[in-house]
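Work through the exercises below with the sequence and the structure open. Each task is followed by a solution in steps.

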Amino acid sequence: MTAGAHAADAAHDLKQNEVKVIAASSLGTMFEWYDFYLYGLLASYISAQFFSGVNETTAFILALAAFAAGFAIRRFGSIVFGWVGDVVGRKNTFLVTMGLMGLSTFAVGFLPSYEQIGIAAPIILVTLRLLQGLAVGGEYGGAATYVAEHAPEGKRGFFTSFIQTTATIGLFTALLLVIGMRSLIGEEAFSSWGWRAPFLFSIFLLGISLWIRLQLAESPVFQKMKDEGATSKAPLSESFGRWSNLKFVLIALFGGVAGQAVIGYTGQFYTLFYLERIADVDPATSNILLVIALIIATPTFVFFGWLSDKIGRKKIIMTACVMATLTLFPLFKALTYAANPDYAQAIRDTPVTVVANPDECSFQFDPIGKNTFDETSCDIAKAYLARNGINYKNARAPAGTLAEVRVGDVSITAPDPSAYGEEKLAAEIDRFQAAVSARLIEAGYPEEADPEKINRPLVIAIVVAIMLMVTAAYAPLAAMLVELFPARIRYTSMSLPYHIGNGWFGGFLPTTAFAMVAATGNIHYGLWYPVIVAGMTAIVGILFLPETFRRNIDE
């Protein structure tokens, strides 16, 4: 065989190895996102199955809180598995995380409901979410480090961007399964038992992911350090006990990951919740519109990853954070007009106001589910509006005044709980709610979005615009984090800021944003959360985040 033929075979083998590395790492990360997105997509069903012992608004927020619980524990997983990855190796660590994560996901499909086993159901659910979150804490750092340490010089952003696409592919896969199951068995069967099928399907994804990963060799950078005896013996103290490294952990968190996280969860979660819960678009239509937007936007992950190899990571991430800070409010207001124009016009032409003594008004969220929001006239008024996603303003009334709901120039007085017995109060609340509902319909507030009036192309265009900020912020992130830290403590150092950012800043976004909406009555008030965090990240990142794309990562 000629030297040219040998070179061609070597190049072919290298290409095959690169594809296998990217595929194995990306499949595992896709599986991670598949589960989290699946839980988010099915939050309404999960709230009905496992939190049915509380009122509807609180049940939904508790379901989102259980979703967020998996994110809350990620930082502990990042510490545990980051340490293992820096001491034992990249490959074996993310084999363990994959197995633990996959089995926890699969088990949700078998979990009995609240009606079957009572309070044990949500407790077991949260436990599974915590196990899943613990494993995920070690998954992303391992995948990103493994791919980056295999990537040729000058192509790390491009190679690792394929991992970033898995967030969207995971959501896309979850959406297709949910849409397919709904179409196949109908909404009634899906609500009863069909929602479990996508969780059970995850066992096949787990099997494929483990099979591919078992064929991989150790990262060449780690293997070289191991052969030379240069691996860290104390990655935790080196990562977080020395200011020279800890300062970059903090800069990565507040000047990069936090903004990326809130932009990502706003684009890929909050848009869907907003369409379903606030704009009242039916779930099937909401899912289809989001899938189309994802198909359009997903290739830009690879584009922004490639671009970051040319012009740098920092410019792209910071631009996305600045754009999110400036445009999220107008984009979501436009989304309301596009998805439910009747509702948007009703808000503009006939605003709703709750006139009440603020001292008698509770925060419209009860984390333990004991508040029925019927002890004051203000609570009765606001609970009804919050439950139905009605935008309203607040006006102060003197102490001792019964709360009123004003729809335009018509006022409806809420009942006084102290004036009635329990049965009579329930009847009065029903009468009040019927009167408010009738007035809202008369004023043009629709019970749900009219399918004929949904401007589908505009909804897709708005979601794509939000998704472009998601892809710009997320695509260069893995390469930037890998390049920011030395090889001997890279897995540990990058995992913690990533999972605090995505686990806490991002994972709590749906719960926090909807609680903010329920508490204030302003359907856009929850957007202050991602806007403020993205703005903070832009300031910190522009001032302190170094550019990394030309760094040597072998050291």
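**Exercise 1. A hairpin**

How many residues lie between β3 and β4 in their hairpin, and which residue in the turn has a positive phi?

Solution. The model is a predicted one. Step one is to find the strands: β3 covers residues 404-407 and β4 covers residues 410-413. The two pair in the antiparallel sense, over 4 bridges. As a check on the pairing, find Val405, which stands opposite Ile412 in β4. Then look at the turn: 2 residues separate β3 from β4 in the hairpin, and Gly408 has a positive phi of about 70 degrees.

**Exercise 2. The sheet**

Give the strand order of the open sheet and state which strands stand at its edges.

Solution. Strands of a sheet pair through backbone hydrogen bonds, either parallel or antiparallel. Here the open sheet has 4 strands in the order β2-β1-β3-β4, and the pairing is mixed. The edge strands are β2 (393-396) and β4; each has a single partner strand, so one side of each is left without a neighbour in the sheet. On average, neighbouring strands of this sheet are turned by 25 degrees against each other, direction ignored.

Next, take the pair β1 and β3. Strand β1 (residues 352-356) runs antiparallel to β3 and is joined to β3 by 4 bridges. In this pair, Thr353 stands opposite Arg406 in β3. Finally, add the helix: α18 (residues 377-387) lies across β1, β2 and β3, at about 160 degrees to β1.

**Exercise 3. Two helix pairs**

Describe how α5 packs with α10, then do the same for α13 with α14.

Solution. Two packed helices are described by the angle between their axes and the distance between the axes.

*First pair.* The axes of α5 (residues 90-108) and α10 (residues 197-213) come within 8 Å and cross at roughly 165 degrees. This makes α5 roughly antiparallel to α10, because the angle is over 145 degrees. The crossing of α5 past α10 is left-handed. Residues of α5 in the contact include Phe94, Leu95 and Met98, and those of α10 include Phe199, Leu200 and Ile203. Sorted by class, the contact has 11 nonpolar, 5 polar and 2 charged residues.

*Second pair.* For α13 (residues 243-278) and α14 (residues 283-297), the axes come within 9 Å and cross at roughly 150 degrees. The helices α13 and α14 are therefore roughly antiparallel to each other. Here α13 passes α14 in a right-handed crossing. Among the residues that meet are Gly267, Gln268 and Leu272 in α13, and Pro283, Ser286 and Leu290 in α14. The contact of α13 with α14 divides into 4 nonpolar, 5 polar and 1 charged.

**Exercise 4. Buried or exposed**

How many residues of α2 are buried, and what is the relative accessible area of Gly421?

Solution. Start with α2 (residues 43-50): 6 of its 8 residues are buried, and the helix is mostly covered. The buried residues of α2 are Ala43, Tyr45, Ile46, Ser47, Gln49 and Phe50.

Now turn to Gly421, which has its place in the loop between β4 and α19 (422-442). Its relative accessible area is 42%. Gly421 is therefore partly exposed, because this value falls between the 20% limit for buried and the 50% limit for exposed. As a last step, compare sequence and space: Gly421 and Trp504 are 83 residues apart in sequence and 44 Å apart in space, C-alpha to C-alpha.

Methods: Residues numbered from 1 in each chain as written. Predicted model: local features only at pLDDT ≥ 70, side-chain atom pairs only at ≥ 80, totals over all residues. Heavy atoms only, no water. Pairing = 2+ DSSP bridges. Buried < 20%, exposed > 50% of the residue type's maximum accessible area, 1.4 Å probe, protein only. Axes fitted to C-alpha atoms, helices over the stretch in contact; angles between N-to-C directions. Parallel < 35°, antiparallel > 145°, perpendicular 65-115°, else oblique. Left-handed = near helix turned anticlockwise from the far one by under 90°. Contact = heavy atoms within 4.5 Å. Nonpolar A, V, L, I, M, F, W, Y, C, P; charged D, E, K, R; others polar.
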